[in-house]
Amino acid sequence: MRFVVHDRQLADSRTPVRDYILEHPQGAALLWVHGGGFAGGSIDMPESDAVARRLAAGGRLVRTVEYRLAPPWPEHGPLDLGPAPGRYPAAQDDVTAAFLDLAQQGAAFLGGASAGACIAASVAARLSDEGSVPPLGLVLAYGVFHASLPVPTEAEPDHPLSPSGAQAGEWVERMTLNYAGSRSLLADPKVFPGAGDPAGLPATLILDAERDSLRASGRRFAEQLRAFGVCVTETVVPGSSHGFLNDPLSGDFEQGILKITRWLETVGTGNPHGA
């Protein structure tokens, strides 16, 4: 299905967004949020642009957002936790503004990948707390929802995970502290949705990578959502690694897009379980 790509800035917040516009959309719109460790990525990366193009070609308006980024963080050594314009809550503010603007046109989904999944879930919780227009549903791909990587609830698989558990744990803790900018915010559910009560969130798709150590966060967040009565569809792309939506030439990308598309279509027809 043909669409037009339009870049602009929101009038109220000046947040840059990119809309993939169809003349006659057939489903609810989607705001899609790229990943990048809270400190990298853009709307030009495949995880944003390629995903948006494929989902728009399926018949719905898709918007991506160029949210403000936290400062780059070193792999080793101390982190500079001084004030920085891109730290929390900057990204949340930008995504919230982009979603509320999109929702003026009608019901809309909200989703994202990796750090973008965390931001998307946090924004959905924020909208619920504030009594604002909620998303129709959440699409969360290989997300990080906790400041520290949860202990896996299942036995280690036969195949290796990437990165290893120890490496992933250290990486997540440095990444989330750099984003929050303060240790006091690491346990704040407004920053990391897995730290609190996720009741009130809409129907949610948790789409994880099989060979991803960060999958422990997705599993744990799915458990938390179910415990508070949220309709959750949890699925895994077999054999995939973290970031597979950033490789549009891969079979893992195709499988991920197919799972997202089917879930959006099903939830859009009124089935919150997406199946």
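Trainee: What's the strand order in the open sheet of eight strands?
Mentor: The order is β1-β2-β4-β3-β5-β6-β7-β8, and the pairing is mixed. Keep in mind that this is a predicted model.

Trainee: Which are the edge strands?
Mentor: β1 and β8. Each of them pairs on one side only.

Trainee: And how are neighbouring strands turned against each other on average?
Mentor: By 20°, with direction ignored.

Trainee: Start at the β1 edge. How many bridges join β1 to β2?
Mentor: Six, and the two strands run antiparallel. β1 covers residues 4–9 and β2 covers residues 16–21.

Trainee: What stands opposite what there? Take Gln-9, for one.
Mentor: Gln-9 faces Pro-16 in β2. Asp-7 stands opposite Arg-18. His-6 has Asp-19 as its bridge partner.

Trainee: What sits between β1 and β2?
Mentor: Six residues, and the two strands form a hairpin. Arg-14 is in the turn and has a positive phi of about 65°.

Trainee: Then on to β4. In which sense do β2 and β4 pair?
Mentor: Antiparallel, over four bridges. Within that pairing, Tyr-20 stands opposite Val-62 in β4.

Trainee: Now the other edge. Where does Thr-235 lie?
Mentor: In strand β8, residues 232–237.

Trainee: Is Thr-235 buried or exposed?
Mentor: Buried, with a relative accessible area of 18%. The cut-off for buried is under 20%.

Trainee: What does the side chain of Thr-235 make a polar contact with?
Mentor: The side chain of Lys-259, at 3.2 Å.

Trainee: Which residues is Thr-235 in contact with, leaving aside neighbours within four places in sequence?
Mentor: Leu-205, Ile-206, Leu-207, Asp-208 and Lys-259. As for the strand next door, β7 spans 204–209.

Trainee: Which strands does helix α5 lie across?
Mentor: β6, β7 and β8. The helix, residues 215–227, runs at about 160° to β7.

Trainee: What do the buried residues of α5 pack against?
Mentor: Those three strands, β6, β7 and β8, plus α3. The buried residues include Arg-215, Arg-219, Phe-221 and Leu-225.

Trainee: What span should α5 have at 1.5 Å a residue?
Mentor: Its 13 residues should span 18 Å. The end C-alpha atoms are 18 Å apart, so expectation and model agree.

Trainee: What follows α5?
Mentor: Gly-229, with a positive phi near 80°.

Trainee: Switching helices. How many of the 14 residues of α2 are buried?
Mentor: 10 of them, so α2 is largely enclosed by the rest of the structure. Among the buried ones are Gln-92, Asp-94, Phe-99 and Leu-102.

Trainee: What about the span of α2?
Mentor: For residues 90–103, 20 Å is expected at 1.5 Å a residue. The end C-alpha atoms are 20 Å apart, which agrees.

Trainee: Aromatics next. How many aromatic pairs does a search of the whole structure find?
Mentor: Eight. One to look at is Trp-73 with Trp-171. Their ring centres are 5.9 Å apart and the planes are at 55°, so the pair is tilted.

Trainee: Where do Trp-73 and Trp-171 lie?
Mentor: Trp-73 is in the loop between β4 and α2, and Trp-171 is in helix α4. They are 98 residues apart in sequence, so the pair ties together separate parts of the chain.

Trainee: How accessible is Trp-171?
Mentor: Trp-171 is partly exposed, at 32% relative accessible area.

Trainee: And what kind of aromatic pair do Tyr-88 and Tyr-179 form?
Mentor: Edge-to-face, with 6.4 Å centre to centre and 80° between the planes. This pair also links distant parts of the chain. Tyr-88 is in the loop between β4 and α2, while Tyr-179 is in helix α4, 91 residues apart.

Trainee: Is Tyr-179 buried or exposed?
Mentor: Buried, at 1% relative accessibility.

Trainee: Which residues do ring pairs link into a cluster?
Mentor: Phe-38, Tyr-88, Tyr-179 and Phe-192.

Conventions. Residues are numbered from 1 along each chain as its sequence is written. This is a predicted model: local features need pLDDT of at least 70, side-chain atom pairs count only at pLDDT 80 or more; totals for chains, interfaces and linings use all residues. Side-chain values use heavy atoms; hydrogens and water are left out. The expected span of a helix is 1.5 Å times one less than its number of residues. Buried means under 20% relative accessible area, exposed over 50%, partly exposed in between (1.4 Å probe, protein chains only). Two strands pair if DSSP finds at least two bridges between them. A polar contact is a pair of N or O atoms within 3.5 Å; within protein, one must be able to donate a hydrogen and the other to accept it, and residues adjacent in sequence count only if both atoms are side-chain atoms. Contact means heavy atoms within 4.5 Å. Axes are lines fitted to C-alpha atoms, for helices over the stretch in contact, and angles run from 0 to 180 degrees between N-to-C directions. Rings of Phe, Tyr and Trp (its six-membered ring) pair if their centres lie within 6.5 Å; planes under 30 degrees apart count as stacked, over 60 as edge-to-face and the rest as tilted.
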